[in-house]
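Reader: I have some questions about the terms used for this model. Please set each value against its rule.

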Amino acid sequence: MPIYPPAEDSYLMSRILKEQIPHLIKQNPDARFLEIGAGSGIHLQTALSLGIKNENIFSSDIDKRAVSHCNMLGFRCIHSDLFDAFKGGGSVGGTLVPLKYDIVIFNPPYLPSDSREPKSSKIATTAGKKGNEIILRFLQQAKSHLNKNGKIFLITSSLSEDVDFSSLGYLAKEIGCEKLFFERLCIWELKKDL
Ligand SMILES: C[S@@+](CC[C@H](N)C(=O)[O-])C[C@H]1O[C@@H](n2cnc3c(N)ncnc32)[C@H](O)[C@@H]1O
């Protein structure tokens with residue numbers, strides 16, 4: 001399987017970024033943006049086109065091919081399992097990465113395991129038995145990487161088990177959904193419940 005090609009979930013995220021980022025930049029022209037799981041880099045390009053400064057755009061992927069691809073597009077992208085490489089901030093393989101961000105986005109692997117799915121595409125799509133395992137890990141780590149008024153934009157699917165955002169310490173608002181043939185995708189805006 002190639003680097004995850006933009007699909008319905010990617011386009012839903014693009015739409016939401018186009019609605020949200022202009023307001024966020026008005027409030028903070030120096031907003032720092034991080035995408036976990038950047039894949040093809042579609043959202044890095046959107047963030048740049050919406051006015052986030054290139055020096056404030058950071059990204060990562062667990063797939064080294066996606067990391068090289070996003071670097072080739074001119075973005076800072078590091079190889080990391082979720083926030084592992086961001087833990088102390090500082091230099092990661094020669095790239096300086098901050099510890100905290102104003103906007104963090106993630107279109108995660110959210111499908112429950114299915115033995116029919118080829119191993120090669122699982123890394124981008126499948127999270128585990130319940131489908132929400134990577135999201136839960138992401139949310140446990142993300143709080144330490146959000147600035148005080150920072151926001152997360154995260155995709156979930158009706159095919160995976162629900163996530164109890166408040167028990168994980170987040171205020172959550174559903175800000176856009178899309179009904180596909182056999183699933184419903186939603187984007188959540190999450191803030192730390194201080
Ligand atoms: C559904 S794709 C989304 C790609 C792109 N952001 C988009 O919206 O089109 C999920 C991406 O997350 C990456 N990924 C999967 N598990 C990850 C992890 N534990 N840490 C970082 N990235 C991960 C995959 O390699 C893939 O590029």
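Author: A polar contact is a pair of N or O atoms within 3.5 Å; within protein, one must be able to donate a hydrogen and the other to accept it, and residues adjacent in sequence count only if both atoms are side-chain atoms. This is a predicted model: local features need pLDDT of at least 70, side-chain atom pairs count only at pLDDT 80 or more, and totals for chains, interfaces and linings use all residues. Residues are numbered from 1 along each chain as its sequence is written, and side-chain values use heavy atoms, with hydrogens and water left out.

Reader: What makes G37 a polar contact of the ligand?

Author: A backbone N or O atom of G37 lies 2.8 Å from a ligand nitrogen atom. The limit is 3.5 Å, so the pair counts. L82 also places a backbone N or O atom 2.8 Å from a nitrogen atom of the ligand. For D61, a side-chain N or O atom is 2.6 Å from a ligand oxygen atom.

Reader: How much of the ligand does the protein bury?

Author: Alone, the ligand exposes 590 Å², and the protein buries 98% of that. The areas come from the Shrake-Rupley method with a 1.4 Å probe.

Reader: Which residues surround the ligand most closely?

Author: The closest are S10, E35, G37, D61 and D81, in a shell of 20 residues. A residue is near if one of its heavy atoms lies within 4 Å.

Reader: Why is the link of C177 and C186 called a disulfide?

Author: Their sulfur atoms are 2.1 Å apart. The rule asks for cysteine sulfur atoms within 2.5 Å, so C177 and C186 qualify. The angle about the S-S bond is 110°, and the link is right-handed. By this rule the count is 1 disulfide.
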